Amino acid sequence: MASPRLLLASLLLSYLCFASSQASAPKVSLALYYETLCPYCSRFMVNHLAKIFDDGLISIVDLDLIPYGNARVNSNASIACQHGTYECLLNTVEACAISVWPDVSEHFKFIYCVEQLVVVGKYKNWETCFQETGLDSTAVMKCYESGCGKKLELQYAAKTDALQPPHKYVPWVVVDGQPLYEDYENFESYVCQAYTGDLPKACEVQPLTIHPKWIASSSDQVTYTDGVIIPPVMRKEHDMKIKMLI
């Protein structure tokens, strides 16, 4: 029979090996390419993506938000946004928030508040989100007004344009470099499948079947790069066809 000291040493070694294995397991890269006034993007963020902060999945995720979407950079370096001038403004504000508050729990809290307002058609009240979240507006507004925000958006433009395969619509969700296409709402299953460490409880309720080659159809909840899907509350603004120089 093994001595108590030998048994204790064996248990300690097993624990250390397990802990080492867990510590070495890399987080799963989860990237969301979106535009702020895309109705499907905002609903995805509010109704689906936000859940990872509640169910604990964020502990194994490296979340990267890229607020640019289907915008275009003109020859004079101005940016034309798919849903008009206010989308350019909010894309830039959210880019500034990500830069000013690099902690994902902070910048997502602010962005979630803004996108909630988009969902209910009150996005022009976005500045109330500073008070709502308790975050100081000074650095974000300075970033936006100084032109730093435009530089960030140009960086996001280059990052979006470099996607392989190229994005065809938004929201465009990528897990460990692989786009999920129209199966993006099922992103948690892909994250759980990709993680090599001990799975959190959130993964226990995820379906085992995933669709890595999901094909788009006319009824899918996406906004294509070559077309615009506009909620009624935004139609008047879009019809003005204003391009914002940021």
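**Exercise 1. Strand pairing in the sheet.** In this predicted model, 4 bridges join strand β1 (residues 28-34) to strand β6 (residues 172-175), and the two strands run antiparallel. Place this pair in its sheet, and state which strands stand at the edges.

*Solution.*
- Step 1. Find a point of register: the bridge partner of Ala31 in β6 is Val174.
- Step 2. Write the strand order. The sheet is open and has 4 strands, ordered β2-β1-β6-β7, with mixed pairing.
- Step 3. Read off the edges. β2 (61-67) and β7 (178-179) each have a single partner strand, so one side of each is left without a neighbour in the sheet.

**Exercise 2. Helices on the sheet.** Which strands do helices α4 and α5 touch, and what angle does each helix direction make with that of β2?

*Solution.*
- Step 1. Helix α4 packs on the sheet in contact with β1 and β2, and its direction makes about 145 degrees with that of β2.
- Step 2. Helix α5 (residues 104-119) also packs on the sheet and touches β1 and β2. For α5, the angle to the direction of β2 is about 45 degrees.

**Exercise 3. Disulfides.** How many disulfides does a search of the whole structure find? Describe the links Cys81-Cys88, Cys96-Cys143 and Cys192-Cys203.

*Solution.*
- Step 1. The search gives 4 disulfides. With the bonded cysteines numbered in sequence order, they pair as 1-2, 3-6, 4-5, 7-8.
- Step 2. Cys81 and Cys88 are linked with their sulfur atoms 2.1 Å apart. The angle about this S-S bond is 110 degrees, and the link of Cys81 and Cys88 is right-handed. Cys81 and Cys88 are both buried.
- Step 3. The sulfur atoms of Cys96 and Cys143 lie 2.1 Å apart in their disulfide. The link of Cys96 and Cys143 is left-handed, at -75 degrees about the S-S bond. Cys96 belongs to helix α4 (residues 85-100) and Cys143 to helix α7 (residues 138-146), so this pair ties together parts 47 residues apart in sequence. Cys96 and Cys143 are buried.
- Step 4. For the disulfide of Cys192 and Cys203, the sulfur atoms are 2.0 Å apart. This link of Cys192 and Cys203 is left-handed, with -85 degrees about the S-S bond. Cys192 lies in helix α9 and Cys203 in the loop between α9 and β8 (223-224), so the parts tied together are 11 residues apart in sequence. Both Cys192 and Cys203 are buried.

**Exercise 4. Cys148.** Why does Cys148 not form a bond with the cysteine whose sulfur is closest? Is Cys148 buried or partly exposed?

*Solution.*
- Step 1. The closest cysteine sulfur to that of Cys148 is in Cys143, at 5.5 Å.
- Step 2. A disulfide needs sulfur atoms within 2.5 Å, and the distance from Cys148 to Cys143 is therefore too far for a bond.
- Step 3. Cys148 has 39% relative accessibility, so Cys148 counts as partly exposed.

**Exercise 5. Aromatic pairs.** Classify the ring pair of Phe44 and Phe187, and locate both residues.

*Solution.*
- Step 1. A search of the whole structure finds 11 aromatic pairs.
- Step 2. The ring centres of Phe44 and Phe187 are 5.6 Å apart, and their planes stand at 80 degrees, so the pair is edge-to-face. The cut-off for this class is over 60 degrees.
- Step 3. Phe44 is in helix α2 (residues 39-47) and Phe187 in helix α9 (residues 187-194), so the pair ties together parts that are 143 residues apart in sequence.
- Step 4. Phe44 is buried at 2% relative accessibility, and Phe187 is buried with a relative accessible area of 2%.
- Step 5. Elsewhere, Trp101, Phe110, Trp126 and Phe130 make up one aromatic cluster.

Note on methods:
Residues numbered from 1 in each chain as written. Predicted model: local features only at pLDDT ≥ 70, side-chain atom pairs only at ≥ 80, totals over all residues. Heavy atoms only, no water. Phe/Tyr/Trp six-rings, centres within 6.5 Å; stacked < 30°, edge-to-face > 60°. Buried < 20%, exposed > 50% of the residue type's maximum accessible area, 1.4 Å probe, protein only. Pairing = 2+ DSSP bridges. Contact = heavy atoms within 4.5 Å. Axes fitted to C-alpha atoms, helices over the stretch in contact; angles between N-to-C directions.
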